[in-house]
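Work through these exercises with the structure in view. Try each task before you read its solution.

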Amino acid sequence: MEITFETAEKLGLKKEEFEKITEILGRVPNFTELSAYSVMWSEHCSYKNSIKWLKTLPKEGSRLLVAAGEENAGLMDIGDGLGVVFKIESHNHPSAIEPFQGAATGVGGIHRDIFTMGARPIATLNSLRFGNIEHEKTQHLLSGVVSGIGHYGNCFGVPTVGGEIYFEECYHTNPLVNAMSAGVVRLGETVSATAVGEGNPVFIAGSATGKDGMGGAAFASADITENSAEDLPAVQVGDPFQEKKLLEACLEVIQTGAIVGMQDMGAAGIICSTAETSAKGGVGMNIHLEKVPTRQQGMKAWELLLSESQERMLLTVQKGREKEVTDIFEKWDLPCQQIGEVTNGEMLRFYMNDELEAEMPAESLVLGGGAPVYTREYKEPKYFEKIKEFDASKIPVPTNLKGIAEKLITLPSIASKKWIYEQYDSMVGAANLNTNAPADASVVLIHGTKKALALTTDCNSLYVFANPFVGCMIAVSEAARNIVCSGGIPLGVTNCLNFGNPYDPEVYYQFVESIKGMSEACKKFDTPVTGGNVSFYNQSPSGPVYPTPVIGMVGLLEDYENKMTLDFKNEGDVIYLLGKNVEDFNCSEYMHKICGIEYSPAPYFNLEEEFRLHKAVSSLIKNKIIVSAHDISEGGLFVTLAESGFNRNLGFVVNKQISAIRNDAYWFGEAQGRVVVSVNPDKIEEFESSLDIPFEKLGTVTSGQIKIENEDWGNIIEWRKKYDAAIGNYMRENI
């Protein structure tokens with residue numbers, strides 16, 4: 001067939017990109033080559049619209065063991081010869097079309113990023129966004145996504161230990177499904193995603209290759225429309241039992257020392273894994289596509305190259321040690337077939353029955369090589385004018401605080417996520433310390449040590465919508481605050497940057513300002529960005545989603561016995577608020593959902609005050625002065641107090657300490673940099689004398705009764721019932 005610009009355009013390439021490919025090859029590409037460039041130069045694989053700004057993120061730290069983007073995931077030193085490997089990625093578009101498989105394969109893919117480096121995954125988290133929970137479509141998507149995450153994780157044997165979920169109208173058509181995995185590896189036993197050594201054989205191991213997932217990387221680089229369901233073949237199908245075998249076989253084969261390099265096959269399949277490992281090693285490859293094990297007959301060369309069938313690995317093996325490798329995969333009942341060999345030079349050559357189907361320089365296909373890099377125009381969004389017009393004084397001061405609190409506690413973004421997490425096995429395969437003692441971060445014990453990881457995913461996208469720079473600083477700060485309140489030390493960040501169409505200057509402004517805010521906060525907390533994922537085109541005909549730069553953060557507890565939980569412990573303990581209290585209810589769930597205000601500024605935030613708060617909380621935990629710590633986030637002070645009481649059915653008697661702050665802002669405002677702690681009465685003097693930050697004594701823990709401003713608000717058990725049942729009640733209404 002004749003290849004023209006029109007052919008390239010149908011594959012998602014621009015005119016200048018087609019011309020650049022022709023220039024690189026010195027000729028017009030054939031269809032197979034053009035297909036390869038179309039996926040490798042898609043936004044999903046090349047980051048062509050984001051790499052300029054991603055390079056500005058802080059990527060250095062004393063514990064960082066590989067540079068950001070150098071490997072499949074971040075690797076940080078946690079002492080005693082161990083490293084933590086972690087990453088977060090999106091599977092938004094597939095989940096919008098086929099929620100069960102979209103979410104399931106997202107979980108499978110992120111785990112492969114971890115064990116392809118030689119680490120054993122020990123925990124999964126997620127960050128989810130959906131539309132209005134009262135809509136049948138939202139309930140269908142939520143049910144499918146939760147089932148997919150639960151099925152894959154439970155079968156694969158890695159617990160889902162935490163996450164977050166929000167419901168906003170803007171995610172109605174385009175939900176966000178971000179999955180994070182963390183694993184542990186002994187230093188010196190990691191494997192690089194590289195290929196070196198002329199003549200070294202190249203193997204494909206794991207599942208057979210089919211037509212599922214065809215063009216998935218390009219599919220992820222387009223807006224979602226009403227007709228996107230017609231792209232159903234772009235959604236992959238996962239098999240967690242096959243991946244479990246692949247995990248064990250890969251970790252075992254690494255121990256032989258016969259592996260030169262290993263790369264999982266995710267987006268763009270064989271073309272991506274061969275191009276990236278070859279480019280990294282400065283070599284080429286000859287690949288014989290007819291040797292690829294398939295589960296469908298008659299697959300064409302371009303289909304074999306682009307297939308995103310799951311549970312597959314590309315291995316570069318030391319010549320002469322092939323049998324050691326194939327014997328291990330045979331033991332695990334997995335195909336492991338040599339499909340090519342490493343060559344000198346830079347050319348990737350793909351053959352089908354000895355006929356050359358494609359010939360391309362590996363470097364020209366990859367991020368940081370020949371893939372295009374764009375500088376996009378950006379400008380302040382017009383809706384900022386509406387935010388500037390917000391006048392807090394026009395919001396009437398409510399008289400029925402209890403009625404507002406009852407509504408807040410059942411909002412789906414605030415209410416218990418019990419309906420969701422009960423579908424996950426939080427204990428399978430790992431020692432998760434969260435089960436009976438909730439903490440702000442998920443705390444997971446590292447087997448054979450006293451150490452534990454503290455893990456969290458955080459982003460309030462409404463804050464980012466209101467002010468991308470401040471909102472993204474808040475996302476980083478809340479992640480660090482959650483880890484600190486759990487007794488950990490923040491180590492590093494992986495991010496999942498979910499935005500609309502980058503060609504929209506207002507969307508790109510949100511992206512650029514978010515990167516700037518993330519950089520500033522990460523520098524302050526000494527949490528380098530180890531890598532992550534950019535997901536553009538989260539947009540439907542009704543417009544883009546809220547800018548959602550999700551922060552996945554990992555922290556370390558040197559001794560898991562120092563874990564701090566968020567629940568009140570004893571009747572009579574004294575409740576304190578740490579941090580500066582200001583009159584602010586901007587962007588709060590109260591303002592947004594109860595008052596119906598969509599446009600208000602980001603909540604109060606001060607990075608220096610936040611940093612000092614973290615230091616103070618860390619010191620209080622280390623010196624065993626406090627018995628609980630829970631940061632104030634969605635729902636404000638009242639929700640924080642209620643959540644602190646739920647686990648042990650303990651109530652509280654509290655009073656407003658600053659009369660100048662209006663009641664709704666005091667109890668429901670979401671000003672940042674605040675933590676609620678409880679203290680045993682005999683530690684009060686030591687507690688108060690040790691603090692060099694603002695604090696307020698709010699009241700005391702009770703056996704179950706709640707009193708606010710001397711008004712009886714009933715028993716904590718009644719509040720907990722409403723909190724626990726809210727999401728399940730929504731879901732049952734339409735079952």
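**Exercise 1. Find the strands that helix α7 lies across, and its angle to β7.**

Step 1. Locate helix α7 at residues 99-115. Helices (H or I, at least four residues) and strands (E, at least two) are DSSP runs, numbered from the N terminus.
Step 2. Look for the strands beneath: α7 lies across β7 and β9. Contact means heavy atoms within 4.5 Å.
Step 3. Read the angle: α7 runs at about 165 degrees to β7. Axes are lines fitted to C-alpha atoms, for helices over the stretch in contact, and angles run from 0 to 180 degrees between N-to-C directions.

Step 4. Turn to helix α11 (residues 269-281), which packs on the sheet and touches β6, β7, β8, β9, β11 and β12. The direction of α11 makes about 145 degrees with that of β11.

A word on the source: this is a predicted model, in which local features need pLDDT of at least 70 and side-chain atom pairs count only at pLDDT 80 or more, while totals for chains, interfaces and linings use all residues. Residues are numbered from 1 along each chain as its sequence is written, and side-chain values use heavy atoms, with hydrogens and water left out.

**Exercise 2. Write down the strand order of the open sheet and name its edges.**

Step 1. Follow the 7 strands: β7-β9-β6-β10-β8-β11-β12, with mixed pairing. Two strands pair if DSSP finds at least two bridges between them.
Step 2. Pick the edges: β7 (259-264) and β12 (355-361) each pair on one side only.
Step 3. Add the twist, which averages 25 degrees from one strand to the next.

**Exercise 3. Is strand β6 mostly covered or uncovered? Then find its partners.**

Step 1. Check burial: 6 of the 6 residues in β6 (201-206) are buried. Buried means under 20% relative accessible area, exposed over 50%, partly exposed in between (1.4 Å probe, protein chains only).
Step 2. Count bridges: 5 join β6 to β10 (residues 336-343), running antiparallel. Another 5 join β6 to β9 (residues 312-317), also antiparallel.
Step 3. Place phenylalanine 203: it stands opposite glutamine 338 in β10 and opposite leucine 315 in β9.

**Exercise 4. How far apart do the C-alpha centres of domain 2 and domain 3 lie?**

Step 1. Get the bounds: domain 2 covers 191-364 and domain 3 covers 573-732. Such bounds come from an automatic or database domain assignment.
Step 2. Take the distance between the C-alpha centres: 51 Å.
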